[in-house]
Amino acid sequence: METVFNNNNYDFFIYLSYIITFGSLIFLLIFSYLKFLISKNLYSTIIENNNDT
Amino acid sequence: MIDYLANPSRFFRITNFLLPWLMGLLITLTIIGIYFALFDSPEDLVQGSAVRIMYVHVPSAWLSIFSYLLLSICSFFFIVWRHPLADILSGSIAPVGALFSLLTLLTGSIWGRPMWGTWWVWDARLTSMLILFIFFLGYIALSNAFEKNERGSRPAALLAIVGSINLPIVKFSVDWWNTLHQPASIIRTGGISIDQSMLVPLIIMTLAFHTFFILVVVLRAHSILIERKVYHLKVLGKI
């Protein structure tokens, strides 16, 4: 326990937390954006051509 | 307002207008936030540089509670008024909220290792946050359990409302029980107890995370709205 508290080099923990956080946020953003683009194309090709909607 | 937004064409016009602004705001806030958090903010007297984990951990925790609150409100609207847009918003919020609660658990665990000497303890705050994450997963599983998504909406909404009882437990767990987790230092009755040099980066990161949340929820709501519209058209044999 002493070793843990006296070691002031926390870079590994800091960068690990930032990489996990921003990595997963970027993944979700790209995934959602791609889904958005696919649905947008779907809308323009199917729904806008349907007069009943 | 809800009826106004439920029209896909109108919703697209609004999202198309909002997206570049939200994207620009997100990139700006994230760059400034990371700069302040990693390079400009001071080290803590006790925790040293490990305090920098706070700038991703605390906004994630706030957003996971905020998104569950929104999920419960939308679910309530759906149960009472049965408005489809409330259900679509719930479906958009749940995965984002689940990710933020998972990030809260992971970054908290990474922060806990050097500070507490352990990755995990069955502490009141950590356990209640884990339960919040499980409620998010339960909502997602239940709402996707049926071939026709709308059939799962009602039981999922009920689960979300029941799960909201966990929100005050997450918030006040550090006051109600003796825990390893530190008590609240910003949203508390005695006022803010952290220094301004740490508060500023924390607020910038929180704004960046909230912008991310709004952006992804709008993108997801857009996709779900179209998926449902197409499904109904297929059922009616129009496409």
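Helices are DSSP runs of H or I that hold at least four residues, numbered from the N terminus. With helices counted in that way, B:Ser223 is found in helix α8 of chain B, and the legends below describe this helix and its surroundings in a predicted model.

**Figure 1. Overview of the predicted complex of chains A and B.** Chain B comprises 8 helices and 0 strands, and its order along the sequence reads α-α-α-α-α-α-α-α, while the secondary structure of chain A comes to 2 helices and 0 strands. The C-alpha trace of chain B spans about 65 × 40 × 30 Å along its principal axes, and of the contacts in chain B with a separation of 6 or more, 75% join residues 24 or more positions apart. Buried residues account for 40% of the 239 residues of chain B and for 19% of the 53 residues in chain A. The predictor assigns the complex an ipTM of 0.87 and a pTM of 0.89; for chain B the average pLDDT is 88, with 95% of the residues scoring at least 70.

**Figure 2. The side of chain A that touches chain B.** In this view 26 residues of chain A are in contact with 30 residues of chain B, and α2(A) supplies the largest share of the chain A side, namely 20 residues. Sorted by character, the residues on that side of chain A divide into 17 nonpolar, 7 polar and 2 charged.

**Figure 3. B:Ser223 of helix α8, shown with residues of chain A.** B:Ser223 has 24 other C-beta atoms within 10 Å and is therefore buried, since the cut-off for a buried residue is 20 or more. Once its neighbours within four places in sequence are left aside, B:Ser223 is in contact with A:Lys35, A:Phe36 and A:Ser39. Within chain B, the C-alpha atoms of B:Ser223 and B:Phe100 lie 21 Å apart in space, with their positions 123 residues apart in sequence.

**Figure 4. The largest nonpolar core, with 66 residues.** The residues with the most contacts inside this core are B:Ala50, B:Ile53, B:Leu71, B:Ile93, B:Met205 and B:Phe212. Two or more residues are given to the core by α2 (11–47) of chain A and, from chain B, by α2 (8–40), α3 (54–81), α4 (84–116), α5 (124–143), α6 (149–163) and α8 (196–235), and among these α8(B) gives the most, with 17 residues. B:Met205, when its neighbours within four places in sequence are set aside, is in contact with B:Gly33, B:Ala37, B:Tyr55, B:Val56 and B:Pro59.

**Figure 5. Helix α8 of chain B and the residue that follows.** The 40 residues of α8(B) reach 58 Å from the first C-alpha to the last, close to the 58 Å expected at 1.5 Å a residue. After α8(B) comes B:Gly237, whose phi is positive, near 75 degrees.

**Figure 6. B:Arg82 in the loop between α3 and α4 of chain B.** Before the loop, α3(B) runs for 28 residues and reaches 40 Å from its first C-alpha to its last, close to the 40 Å expected at 1.5 Å a residue. B:Arg82, placed just after α3(B), has a phi near 55 degrees, a positive value in a residue other than glycine. B:Arg82 counts as exposed because it has 12 C-beta neighbours inside 10 Å, and a residue is exposed at 12 or fewer.

**Figure 7. Helix α5 of chain B and B:Leu106 of helix α4.** α5(B) has 20 residues and reaches 28 Å from its first C-alpha to its last, close to the 28 Å expected at 1.5 Å a residue; its buried residues include B:Leu126, B:Met129, B:Leu132, B:Phe133, B:Phe135, B:Phe136 and B:Tyr139, and B:Arg125 is also one of them. B:Leu106, which lies in helix α4 of chain B, has 19 C-beta neighbours inside 10 Å and so counts as partly exposed. The C-alpha atoms of B:Leu106 and B:Leu130 are separated by 11 Å, although the two residues stand 24 residues apart along the chain.

**Figure 8. B:Asp40 in helix α2 of chain B, shown with B:Pro201.** B:Asp40 is exposed because 11 other C-beta atoms lie within 10 Å. From C-alpha to C-alpha, B:Asp40 and B:Pro201 are 8.7 Å apart in space, and in sequence they are 161 residues apart.

Technical notes: Residues numbered from 1 in each chain as written. Chains lettered and ligands numbered in written order. Predicted model: local features only at pLDDT ≥ 70, side-chain atom pairs only at ≥ 80, totals over all residues. Core = buried A, V, L, I, M, F, W, Y, C linked by C-beta atoms within 7 Å. Contact = placed C-beta atoms within 7 Å. Expected span 1.5 Å × (residues − 1). pLDDT = per-residue confidence, 0-100. Nonpolar A, V, L, I, M, F, W, Y, C, P; charged D, E, K, R; others polar.
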